[in-house]
Amino acid sequence: MNPVTKQPLTPEDLYPLFAKELAHQEMNQTDAWIEIPGEIREMYKNWRPTPLVRAYGLEKALDTPAHIYFKNESVSPVGSHKLNSAIAQAYFCKKEGVTNITTETGAGQWGAALSYAARAFGLELAVYMVKVSYHQKPYRRSIMQTFGAQVVASPSMSTKAGRKILTDHPNYQGSLGTAISEAVELAMQTPNCKYTLGSVLNHVMLHQTVIGLEAEKQMEMAGEYPDMVIACFGGGSNFSGISFPFLRHKLVEGKDIRIIAAEPASCPKLTRGQFQYDFGDEAGYTPLLPMFTLGHNFAPANIHAGGLRYHGAGSIVSQLKKDGLMEAVDIQQLETFQAATLFAQAEGIIPAPESSHAIAATIREALKAKEEGVSKTILFNLSGHGLIDMAAYDQYLAGDLANYEVSDAEVAANLSEVEKLV
C-alpha cells in the first residue's frame, strides 16, 4: 500500500525508485511466465546451470537412509546466488538510461554481486553495508571496492535517516532496515539514480527462480523427487528461488511436498512475528507491505549470518506461511556452525553462515528419517560459500560464539508500535 494514501500501490508509484521494467515485474498479476532477456541469459552462461550434488558424504556421516541433494549456488563468480538478480536489475537500470544505483547489504553477498553487475553494465554504485558486518567481514567490503563500488558503513552521517538513528542510538551497529532507509534516501536525492534491492520484493524472487527451475530438471535427471525443499531465510530470495518452482507442483498438481524455511532464532519473523502491514525499512520510506514482521524498528542481535538479520519476510512468502503452504523453523547460532563444520568435513565445502541454517534444518530432517527408519529425499539450497566468513569460524572454533534468544516481551514491544500504522 501507498504509506501516505493507504491505497493499493500501482507500478507508476514505484517509478521514482525502481527501473520501470522492475516495477512492472513487481506488480505483475497477469503473466505466468516472464522471459529472461537474451543478454542476461548470455551472462548467466558464465556459471549457470549450477551443480545439483548428491551429498553422499553427509549422508554417511549422519548414517541416515535419507537421500540429500544440494543446489550449489556458491560457484557463481561472487560465491552466492545473489548474482542471479544483480545481473537482471543492473541490466534493466542500464536499459532505461540510469547512470547511478544504490543498495544496502547485510553480510555483503548482495553488495558484492551488485558491485560486479554494476561494473559489467557501466553503472556507478553506492552500497550501505550494515555496520556490524562492515567490521566483521572486511574482505567482503574489499570485494565491492575492487569492483569499483563505494561502500559506506550504515548507519552513517551521510543521510537524514542515518543521522537520526545515530543521534538516538550513538552506538547502534545497524540493521538491514536502516541500510535500506539510507540507500532509498540517496537514490531519491540523486539525479538519474535508482534503488536496487537484494531480497524481499517480488521481482527479486522472480529472478531467483532460475535456481528451482534448474533443480526441477536436475532432480528429474537424478531420477528422484524431493519430499522436502529447504533453504535459509532472511527476506526470502534464495528460499523463494529454489522452492517456488516446486511449490507450483504442490498447488497445481497436488504434489505432497514440504517447503521449509530456516531462520535464525535471534531474528524469528516467520516463527514468532506477526502477519500485518509494515515498512520494509526502519525510517518508513518504503511502501507498506503485508508481511510476517518483528517490527521495522527491530534491532537483531549481532550474529554472523548478517544476510538473515532482517525484520520482515517477503509478501508472497508471508501469505504462503499464513495459508499453511510452507513451514518455518528457527535455529540457534551454535547449531548452525556445528552443522556447517560437519558439512565442510563431509563434503569439502565451507558454507556461508546464512546457508548453514539450511544445512542444520536438513540434518534435523535426515536424523528424523533415521529415527523413523524411512527414506526421504531432501533438497536444500547451498546459497553461498563461507570462504570470506572465516573470522566467524575462528570464533566458533575458539568457543567464543554464543546463542541469542529474543524474548516475547521484545517482540511484543516492537509490534505494538507497528500496529499503529494501519
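Which residues do ring pairs link into a cluster with Phe343? Ring pairs join Phe70, Phe343 and Phe380 into a cluster. The tour below returns to that cluster after a view of the whole chain. The model is a predicted one.

**The whole chain**

Begin with the protein chain displayed as a cartoon. The chain has 19 helices and twelve strands. Its radius of gyration is 20 Å, close to the 22 Å that the globule rule gives for 422 residues, so the chain is as compact as a globular protein of that length. Along the principal axes, the C-alpha atoms fill a box of roughly 60 × 45 × 45 Å.

Colouring by accessibility gives a second overview. Of the 422 residues of the chain, 59% count as buried. Among the contacts with a separation of 6 or more, 75% are between residues 24 or more positions apart.

**Aromatic pairs**

Next, display the aromatic side chains. The structure holds 13 aromatic pairs. Select Phe18 and Tyr195 to see one of them: the ring centres are 5.8 Å apart and the planes stand at 50°, so this pair is tilted. The pair links distant parts of the chain, for Phe18 belongs to the loop between α1 (11-14) and α2 (20-27), whereas Tyr195 belongs to strand β6 (residues 193-195), 177 residues apart. Phe18 counts as buried, at 4% relative accessibility, and Tyr195 counts as buried at 2%.

Now select Phe343 and Phe380, two members of the cluster named at the start. These two residues form an edge-to-face aromatic pair, with 6.0 Å from centre to centre and 75° between the planes. Phe343 lies in helix α16 (residues 333-347) and Phe380 in strand β12 (residues 377-382), so that the pair links distant parts of the chain, 37 residues apart. Phe343 is buried, with a relative accessible area of 0%; Phe380 is buried as well, also with 0%. Add Phe70 to the selection to display the whole cluster.

**Charges over rings**

Two further selections place a charged side chain over an aromatic ring. Select Tyr15 and Lys20: Lys20 lies over the face of Tyr15, at 5.3 Å from the ring centre. Then select Tyr134 and Arg141: the charged end of Arg141 sits over the ring of Tyr134, 4.2 Å from the centre of that ring.

**Helix α9 and its two sides**

Move to helix α9, residues 160-168. Which residues of α9 are buried? They are Ala161, Gly162, Ile165 and Leu166. Turn the view to look down the axis of α9: the buried residues fall within an arc of 125°, so they line one face of the helix. They pack against α7 (131-136) and α10 (176-189). The face turned away from this buried side carries the exposed residues Lys160, Lys164 and Thr167.

**Cysteines without a disulfide**

A disulfide is a covalent bond between the sulfur atoms of two cysteines. How many disulfides does the model hold? The count comes to zero. Select Cys93 and Cys193 to see one reason: the sulfur of Cys93 is 8.7 Å from that of Cys193, the closest cysteine sulfur, which is too far for a bond. Cys267 is likewise in no disulfide, as the nearest cysteine sulfur, that of Cys232, is 13 Å away. Cys93 counts as buried, at 0% relative accessibility, and Cys267 counts as buried at 0%.

**Two buried residues and their neighbours**

Select Gln89, in helix α5 (residues 83-95). Is Gln89 buried or exposed? Gln89 is buried, with a relative accessible area of 0%. Leaving aside residues up to four places away in sequence, Gln89 touches Leu22, Trp110, Thr196, Leu197, His203, Val204 and His207.

The last stop is Ala313, in the loop between β10 (288-293) and α15 (315-322). Ala313 counts as buried, at 0% relative accessibility. Beyond residues up to four places away in sequence, Ala313 touches Phe233, Gly235, Lys269, Leu270, Met291, Phe292 and Ser318. To end the tour, add Tyr56 to the selection: the C-alpha atoms of Ala313 and Tyr56 are separated by 33 Å, and the two residues stand 257 residues apart along the chain.

Notes. Residues numbered from 1 in each chain as written. Predicted model: local features only at pLDDT ≥ 70, side-chain atom pairs only at ≥ 80, totals over all residues. Heavy atoms only, no water. Helix = DSSP H or I, 4+ residues; strand = E, 2+ residues; numbered from the N terminus. Buried < 20%, exposed > 50% of the residue type's maximum accessible area, 1.4 Å probe, protein only. Contact = heavy atoms within 4.5 Å. Disulfide = S-S within 2.5 Å. Arc of directions from axis to C-beta. Phe/Tyr/Trp six-rings, centres within 6.5 Å; stacked < 30°, edge-to-face > 60°. Lys NZ or Arg CZ within 6 Å of the ring centre and 35° of its normal. Rg over C-alpha atoms; globule rule 2.2 N^0.38 Å.
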